[in-house]
Amino acid sequence: MCSMKDLKLARALLQAAYRDLKALNAMLDSSVFAEEIFGFHVQQAAEKSIKAWLCALGDVFPYTHDLNILLTRLEGFECDVGAFRELLLFNPFAVELRYEVLTGDTEPINRTEAIALVKALYQQVNEFVTNQIGA
C-alpha cells in the first residue's frame, strides 16, 4: 500500500493493469475464453488502475477488490469517475465468480465495450500519473 504520493507503486500497478489489458485483447473469442475468465481480467485491470490513481493522489487504499469502494474513495478526492461506474458490473468476477460458473441465462459480456471502458480508465490514470511525475 502507498502513503503520500507513491508514483513508483502507481507505475507498477499500471504496468500490471496493462498486462491484464493485453490479455483481454486476446480473449475476444468467447468460445475459447469463458465469461468468468474475461470478466476477472476486466475487474483486475480496473482495480489496479484505480489503485494506481489513488496511490498517485497519496491515498492509502484499502485491501479490497470492491470497485465501488475504490471509486467512492476517488470521489472523495473530487475525481470524476461517473464514466467508470459501469465497471461495477465486474465486481462479482473478483471473488464470487472466480471459482463458479455463470448460469446459461446470464447475458454475455460485450467484450469490445468492456475492453474500451477499462482501456479508457487505464489511459486516464496513466496520463494523470505521468503528469504527476512531470510536476
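1. A good place to start is the pair H2 and H3: these helices pack with their axes 10 Å apart, at an angle of about 30°. Please keep in mind that this is a predicted model. Angles under 35 degrees count as roughly parallel, and H2 and H3 are therefore roughly parallel to each other.

2. The crossing of H2 past H3 is left-handed. On the H2 side, the contact is made by Gln43, Ala46, Glu47, Ile50, Lys51, Trp53, Leu54 and Leu57, and H3 brings Leu67, Leu70, Leu71, Arg73 and Leu74 to meet them.

3. Now for the wider view. The protein chain has four helices and zero strands, so to speak an α-α-α-α run from the N terminus on. Of its 135 residues, 43% count as buried.

4. Next, have a look at the interior. The largest nonpolar core holds 37 residues, and those touching the most other members are Phe38, Ile50, Trp53, Leu74, Leu87 and Leu121. At least two residues of this core come from each of helix H1 (7–25), helix H2 (35–57), helix H3 (67–76) and helix H4 (111–134). The most is given by H2, with 10 residues.

5. Tryptophan 53 is worth finding on screen. Beyond its neighbours within four places in sequence, tryptophan 53 is in contact with Leu74, Cys79, Asp80, Val81, Phe84, Leu121, Gln124, Val125 and Phe128.

6. Two totals round off the picture. Among contacts in the protein chain with a separation of 6 or more, 69% are between residues 24 or more positions apart. The chain exposes about 7400 Å², and 55% of that is supplied by carbon and sulfur atoms.

Conventions. Residues are numbered from 1 along each chain as its sequence is written. This is a predicted model: local features need pLDDT of at least 70, side-chain atom pairs count only at pLDDT 80 or more; totals for chains, interfaces and linings use all residues. Side-chain values use heavy atoms; hydrogens and water are left out. Buried means under 20% relative accessible area, exposed over 50%, partly exposed in between (1.4 Å probe, protein chains only). Contact means heavy atoms within 4.5 Å. Accessible areas come from the Shrake-Rupley method with a 1.4 Å probe; for residues, only the protein chains shown count as cover. A nonpolar core is a set of buried Ala, Val, Leu, Ile, Met, Phe, Trp, Tyr and Cys residues joined through side-chain atoms within 4.5 Å. Axes are lines fitted to C-alpha atoms, for helices over the stretch in contact, and angles run from 0 to 180 degrees between N-to-C directions. Angles under 35 degrees count as roughly parallel, over 145 as roughly antiparallel, 65 to 115 as roughly perpendicular and the rest as oblique. A crossing is left-handed if the near helix is turned anticlockwise from the far one by less than a right angle, and right-handed if clockwise.
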